[in-house]
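This report describes a two-chain protein model. The sequence and structure come first, and the description follows.

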Amino acid sequence: MTETRGFPLFSLPYVALKDVVLSLDIFSRLNLSSCSKKSKSIAGSYKMSTLEIESINFCENSEHIVKISEIYSSPEPKITHTLNIIPSNIEANYGKIIEISGFEWKLHHNSPMNLIAKFSVFYKVPQSKSVGFNRDVEKSDINDETIVLFNTRKLGIQKEKLTTEELNLIFSKLHDIQVFSIWSEIPEDYDNYEIWKAKEIRLRDPPRTSEDLLRMDCEKLICNGPKFKTSDLNLFLKKWMQLTLKKEKTYLKREIAVFRVETDSNLYEDLPITPWNPNQRGQYFQGHCQYFHNFSIDCSQGFDLFRDDGVLATVIFDHNAFKFYIWHERFPVVTDTRPCY
Amino acid sequence: MTSPASSSEVKYLIESSEGNTFDVSGAALRQSNTFNAMFLNIGADGPIPFTDYNEATLKKVFEYCEHSVNEENYSGPKHQDDLSKWDLNFFNEMDQKMFIDVINASNFLDIERLTSYCCERIARMLRGKNTQEMIKVITLPTAEELEAKQKVEEKKAAAAKKVAEKAAETAEKTETLEELPVQQLVQTTRNKLTRKYLSFSNE
């Protein structure tokens, strides 16, 4: 059977038509659904794979790399397809799929975000769990149509340098990011941290000053790169002691972790620290992590600081890692005691 | 011979839509779940009538069954790249009409392996194609064609409406014209009578 023109697909018997649809890969099935009303209803009426859009990466050359997982109960729990959407101005090429290997695909399209939205609607999957930029963030990337895609999810940036304009664009438009992760250099003179708002912020390069750690509106802040010394963090703790709970903030600050801290003085100098008192708080701090399950941290070896407004925090400094936990619940329910970072 | 004996040597007579009969081995026939359900246990007196399908199609289907008699039990669809040279030749030498007939017959006879390979082959034909290409392959009208068709239909409807309106108008006019002679007749008669009466009264 070599002819491919004029094949009466919809005249096939029910079982055969079902077999054909089920034999199609996820992208061809999406294309079939766009042919007509009838094809849409047929392509969508048989069992569909359970899919998840894992990530969308905005890459150089305006390409988008989308990772889509097919979830199975057994024997293989998950298969991940990598779809490279290449922008094309040739209409005849839109939607053309090229299978590079079993799970790697290339697809030409004029509007990658529309295609992803269409995919999401057809397979009834939520928008991507994470969005990443490996290229410059442009105004056109964050508009009314795409804002839903970025908000409430993980946003990561992995390019060499970020500009002040890019950071201002991101934080002035997006107010509901769950995890914001920057693996890029932040401009040395950047100081607009007040507009930063995300449930969890992960930074490769720490901010300019230790005070900036308090200016970001987040629940959890992690700084991985070297910058701060113990004297800087001593100043940070003193500043924190002078603060009071602010109602206008969206997030209640709970955890701050700074790694690779240089020891140049006594971290606790002139601070009213006290060892753990089991009557004041529990032994384990209930941590929240977007990447893993919730976990609990043993704070029995940490030192406590009491603020005038009644807020209690614990400082743990170990192996050049500074960890600061704020107890909004003094005796939380303990779940998992595995470490997380 | 048409016997329920289940030896692979047993031959069954099959009757096609043309009324022709030909032999098929029991082993080949047993790949058909329809045959198993209908004839395997009770046997058949005389030829088994599969008269919805022509001889060429049935021969092609049972050619496949005869070939795959010794293959291990069917365990789900095979990737096209894993098909043997014989399988590929089998599919390649069919034209589209024959291919569709074979799917229909295989579907009726419920020969899982053949139906599944045929379907996988159609899926392969569609794979990688964009919407426009698929529309061409599965003979669906494109959006433009649908729009053009709709426009033509709208034009036709508008023209039909005009014709209907014109007809209604004409009918109305005709009705008036038909009424006129009667009135005229009445009037003429009335005038004549009046004139007669007047002349009579003058006399």
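The text below covers the fold of chain B, its interface with chain A, and selected residues of chain A.

**Chain B**

The model is predicted, and local features are described only where pLDDT is at least 70. Chain B contains 8 helices and 3 strands. Read from the N terminus, its elements follow the order β-β-α-α-β-α-α-α-α-α-α. Chain B has 203 residues, of which 34% count as buried. Among the contacts in chain B with a sequence separation of 6 or more, 61% link residues 24 or more positions apart.

Helix α5 of chain B spans residues 96-109, which is 14 residues. From first to last C-alpha this helix reaches 20 Å, close to the 20 Å expected at 1.5 Å a residue. Its buried residues are Gln96(B), Phe99(B), Ile100(B), Asp101(B), Val102(B), Ile103(B), Ala105(B), Ser106(B) and Leu109(B). In an α-helix, residues three or four places apart point the same way, because there are 3.6 residues a turn. Just after α5(B), Asp110(B) has a positive phi of about 55°.

**Interface between chain B and chain A**

In the contact between the chains, 32 residues of chain B meet 32 residues of chain A. The size of an interface is often given as the accessible area lost when the parts come together. Here chain B and chain A bury about 2,800 Å² between them, and 63% of that area is on carbon and sulfur atoms.

The polar part of the interface includes 9 residue pairs in polar contact, counted where both residues have pLDDT 80 or more. There is 1 salt bridge between the two chains. It is formed by Glu133(B) and Lys96(A), with the closest N and O atoms 3.2 Å apart. On the side of chain B that touches chain A, the elements giving two or more residues are α4 (85-92), α5, α6 (112-126) and α7 (131-137) of chain B. Helix α6(B) provides the largest share of that side, 8 residues.

**Annotated spans of chain A**

Two UniProt annotations, both from an unreviewed entry, fall on chain A. The record lists "domain: F-box" for residues 9-45 of chain A. That span is 73% helix and 0% strand, and its end C-alpha atoms lie 15 Å apart. The record also lists "domain: Sdz-33 F-box" for residues 201-242 of chain A. In this second span, helix accounts for 40% and strand for 17%, and the end C-alpha atoms are 23 Å apart.

**Selected residues of chain A**

The table gives the relative accessibility of four residues of chain A.

| Residue | Relative accessibility | Class |
|---|---|---|
| Leu32(A) | 0% | buried |
| Arg29(A) | 5% | buried |
| Glu166(A) | 6% | buried |
| Lys173(A) | 39% | partly exposed |

Leu32(A) is found in helix α2 of chain A, residues 26-33. Why does Leu32(A) count as buried? Its relative accessibility is 0%, and buried means under 20%. Beyond its neighbours within four places in sequence, Leu32(A) is in contact with Leu9(A), Val21(A), Leu24(A), Ser39(A) and Ala43(A), and also with Met134(B) and Ile138(B) of the other chain. The C-alpha atoms of Leu32(A) and Gly44(A) are 9.6 Å apart, with their positions 12 residues apart along the chain.

Arg29(A) also lies in helix α2 of chain A. Not counting residues up to four places away, Arg29(A) touches Val21(A), Leu22(A), Leu24(A), Ala43(A), Tyr46(A), Lys47(A), Met48(A), Phe122(A) and Tyr123(A). One of these, Phe122(A), is 93 residues from Arg29(A) along the chain, and their C-alpha atoms are separated by 9.6 Å.

Helix α6 of chain A, residues 164-173, holds Lys173(A). Glu166(A) lies in this helix as well. Glu166(A) touches Asp136(A), Val137(A), Lys159(A) and Lys161(A), leaving out residues up to four places away in sequence. For Lys173(A), the contacts outside its neighbours within four places are Ile142(A) and Ile147(A). Lys173(A) counts as partly exposed because its relative accessibility is 39%, a value between the 20% and 50% limits. Lys173(A) and Glu194(A) are 21 residues apart in sequence, and the distance between their C-alpha atoms is 14 Å.

Technical notes. Residues are numbered from 1 along each chain as its sequence is written. Chains are lettered from A and ligands numbered from 1 in the order in which they are written. This is a predicted model: local features need pLDDT of at least 70, side-chain atom pairs count only at pLDDT 80 or more; totals for chains, interfaces and linings use all residues. Side-chain values use heavy atoms; hydrogens and water are left out. UniProt positions are given in the numbering used here, feature names are shortened, and annotations may be inferred rather than shown by experiment. Helices (H or I, at least four residues) and strands (E, at least two) are DSSP runs, numbered from the N terminus. The expected span of a helix is 1.5 Å times one less than its number of residues. Buried means under 20% relative accessible area, exposed over 50%, partly exposed in between (1.4 Å probe, protein chains only). Contact means heavy atoms within 4.5 Å. Buried area is the accessible area (1.4 Å probe) that two parts lose on being put together, summed over both. A salt bridge is a side-chain nitrogen of Lys or Arg within 4 Å of a carboxyl oxygen of Asp or Glu. A polar contact is a pair of N or O atoms within 3.5 Å; within protein, one must be able to donate a hydrogen and the other to accept it, and residues adjacent in sequence count only if both atoms are side-chain atoms.
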